[in-house]
Amino acid sequence: MSKKFDKRLFVPLNKEAFKWFKHGKKWEVRKLKGQYNPNNICTGRRVELRKGYNGTSLWGNVTNVRVFDDYEKLFDSIDFKHIFPFADSLNHAKTLILNYVNQNEIIAFKIKLDIDE
């Protein structure tokens, strides 16, 4: 890993999304922009998931990165329960994703939490 990636990837989460990681969420999904791009997010990179900007943290490592040009392809490739563990159906997950990334280009990265070991 290059010096650039010696620092952790900081990912602020709302209270609900933070809870999802504590209950089985495996993949984080973000708009493909800013720090959320394949040049910045790579397998092996250390990740800090934090509830807000000053709350509790969960730590882990990126184990997989995928880019999609629409959310339908995202759900064709990744089980919706790994993104939204409390979604009761694929349609419910599709409704939820539009609240988070209502654009076409999406980056998804799988995180193995330290507490999973």
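Strand 3 and strand 4 form a hairpin, with 5 residues between them. In the turn sits Gly52, whose phi is positive at about 70°. The model is a predicted one. The two strands of this hairpin are antiparallel and share 5 bridges. Strand 3 covers residues 46-51, and strand 4 covers residues 57-68. Within the pairing, Leu49 stands opposite Leu58 of strand 4.

Strand 3 has another partner. Strand 1, residues 9-13, runs parallel to strand 3, and 5 bridges join them. Here Leu9 has Val47 of strand 3 as its bridge partner. In general, side chains in a regular strand alternate between the two faces of the sheet.

Now step back to the whole chain. It holds 3 helices and 5 strands. Read from the N terminus, the order is β-α-β-β-β-α-α-β. The radius of gyration is 13 Å, close to the 13 Å that the globule rule gives for 117 residues, so the chain is as compact as a globular protein of that length. Along the principal axes, the C-alpha atoms fill a box of roughly 40 × 25 × 25 Å.

Contacts and burial come next. Take the contacts between residues at least 6 apart in sequence: 71% of them join residues at least 24 apart. Of the 117 residues, 40% are buried.

Last, the surface and the charges. The accessible surface is about 6,600 Å², and carbon and sulfur atoms account for 48% of that area. The chain carries 22 positive and 14 negative charges. The mean positions of these two sets lie 6 Å apart.

Technical notes. Residues are numbered from 1 along each chain as its sequence is written. This is a predicted model: local features need pLDDT of at least 70, side-chain atom pairs count only at pLDDT 80 or more; totals for chains, interfaces and linings use all residues. Side-chain values use heavy atoms; hydrogens and water are left out. Helices (H or I, at least four residues) and strands (E, at least two) are DSSP runs, numbered from the N terminus. The radius of gyration is taken over C-alpha atoms; the globule rule is 2.2 Å times the number of residues to the power 0.38. Buried means under 20% relative accessible area, exposed over 50%, partly exposed in between (1.4 Å probe, protein chains only). Contact means heavy atoms within 4.5 Å. Accessible areas come from the Shrake-Rupley method with a 1.4 Å probe; for residues, only the protein chains shown count as cover. Lys and Arg count as positive and Asp and Glu as negative; His and the chain ends are not counted. The place of a charge is taken as NZ of Lys, CZ of Arg, CG of Asp or CD of Glu. Two strands pair if DSSP finds at least two bridges between them.
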